[in-house]
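Trainee: I'd like a close look at a single part of this model, please. Pick one stretch, tell me how it sits among its neighbours, and then put it in context.

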Amino acid sequence: MFKKGDACPQLVYLISGEITLQAAGLIVEVIAANNDSAKFALAHQIPRKIDALANGKVRFLRLNADIVNNPLSLANKEDNSYMVIDETDGDSDDWMTALLRSPIFQRLPPANLQKIIMGLEAVHYKKGEIILEQGGVGDYYYLIKSGQCLLTRKPSPNAKEIKLAQLGNGDTFGEDSLLSGAPRNVTITALTDISLLRLDKNRFISLIKEPSLKFVNFAEMQEAVKRGAVLLDVSSQDEYEHHHLDGSINAPFFSLRMQLKTLSLKLPVVVVCQDGKTSEAAAFLLLRHKIDAMILRGGMESLAAKPNAASEPENKPSLSSEESPESNAHTQPASSPTTAATHSSLEDQIRILKLENEALKNINHQLNDKCMKLEFDKQHAEKQCRILHKQMEKLTQVLDKLKGG
């Protein structure tokens, strides 16, 4: 597999089979794929100090040492308005390069990367086939090896589909429902014949989710906010209005992708929701975009048992008072008896206000849907603009050469 003195800058991981490490003809160690030693790169010092011989048929993985040891140098280039992803014709290993460049996978130990690659299963879909359907059960995490697909969403069963994003080589999807436990929130359709690599739910949770996500309790959250962290509530608008922390910003999870550009990469974010599940999916999304994210463990439900949460010192997040009608009842005098007619009139007014409120909510949802569609159109236009710009640069270079000739 390699000899003493080899200077090839690649780390070798044993996936299956057995190898012998030897020096000057003497056996140093025999390593099988199920041994603890196989969790690490084989004789990783470069140049090699010993020989590695395969004992029969083996499977192994070679990873560029610079990518593994210095992942930050491979971060995607970006500017203030959008992220630039290098689009190359590439070869069959492009997907692995994209995997290792992802901020999520840069946080994982090499042993986890080895197990992930071993657990990936190849699947293929024809153009027009549905890969995932909104409302379905989350069972796999996907990486696009080659091809393109479209993300769409229906706000309601009878509504028109909204185009959310277009994904291509190296992109990943499917983690939202694995993290939140909720049904799939989008439909994903193959725009071309597409080759995917997928990882089952159990491996995703143990190898990717658990090492990546960071949880904090209420006190730790307060301390983080005091140091400048952003308190981001990803609950729905209705849930947020009913129950939230003072000082928090509401960005419902379904629209969070549209608001990523408004978040600073320099400030950490503490993500909050009602039960903590949606926060996990939101934090994973933030981490993918290089935003340092923490999760309030248990969400708002974990604070229900904190009787003193609302009486924390100033400048620290506390439960908003609007969801505590019981406490307000003790501070307000009891209403005096009213006539039946007055009571009926008040009920009519309340009913009218509720109807108006529902109408405003429906209008708000429609505006959100339009905003998502405009965001998709904007991203598509920006991508086309970048492609045209690159083509223009190439044409300019060709013209310059012709003029020089």
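Mentor: Let's fix some words before we start: a residue is buried under 20% relative accessible area, exposed over 50% and partly exposed in between, using a 1.4 Å probe and protein chains only. Residues are numbered from 1 along each chain as its sequence is written, and side-chain values use heavy atoms, without hydrogens or water. This is a predicted model, where local features need pLDDT of at least 70 and side-chain atom pairs count only at pLDDT 80 or more, while totals for chains, interfaces and linings use all residues.

My pick is helix H7, which spans residues 218-226. Helices (H or I, at least four residues) and strands (E, at least two) are DSSP runs, numbered from the N terminus. Start with the inward-looking residues: Phe218, Met221, Gln222 and Ala224 are the buried ones in H7. They sit on the same side of H7 because they cover an arc of only 160 degrees around the axis, taking the directions from the axis to the C-beta atoms. The pattern fits the usual geometry: an α-helix has 3.6 residues a turn, so residues three or four places apart point the same way. Now flip to the other side of H7, and you'll find Ala219 and Lys226 exposed.

What do the buried residues lean on? Those of H7 pack against four strands: E14 (215-216), E15 (230-233), E17 (269-272) and E18 (293-296). Contact here means heavy atoms within 4.5 Å.

Both ends of H7 have something to show as well. At the N-terminal end, Asn217 acts as a cap, with a side-chain oxygen 3.2 Å from the backbone nitrogen of Ala219. After H7 comes Gly228, with a positive phi near 115 degrees.

There's a charged pair here too: Glu223 makes a salt bridge with Arg227, with the closest N and O atoms 3.7 Å apart. The cut-off is a side-chain nitrogen of Lys or Arg within 4 Å of a carboxyl oxygen of Asp or Glu. Glu223 counts as partly exposed at 37% relative accessibility, and Arg227 is exposed, with a relative accessible area of 62%.

For context, the structure holds six salt bridges. Another one joins the side chains of Arg198 and Glu121, at 3.0 Å from N to O. Arg198 lies in strand E13 (residues 194-200) and Glu121 in strand E6, so this pair ties together parts that are 77 residues apart in sequence. Arg198 is buried at a relative accessible area of 15%, whereas Glu121, at 35%, is partly exposed.

Arg184 and Asp139 form a salt bridge as well, at 3.5 Å from N to O. That pair links distant parts of the chain, 45 residues apart: Arg184 is in the loop between helix H5 (175-180) and strand E12 (187-190), and Asp139 is in the loop between strand E7 (130-132) and E8. Arg184 is buried at 7% relative accessibility, while Asp139 comes out as partly exposed at 37%.

For a second helix to set beside H7, try H4 (residues 110-119), which is mostly covered, with seven of its 10 residues buried. Among them are Leu113, Ile116 and Ile117.

Zooming right out, the protein has 12 helices and 18 strands, and 36% of its 405 residues are buried. Of the contacts between residues at least 6 apart in sequence, 74% join residues at least 24 apart.

Note on methods
Polar contact = N/O pair within 3.5 Å; in protein donor to acceptor, adjacent residues only side chain to side chain.
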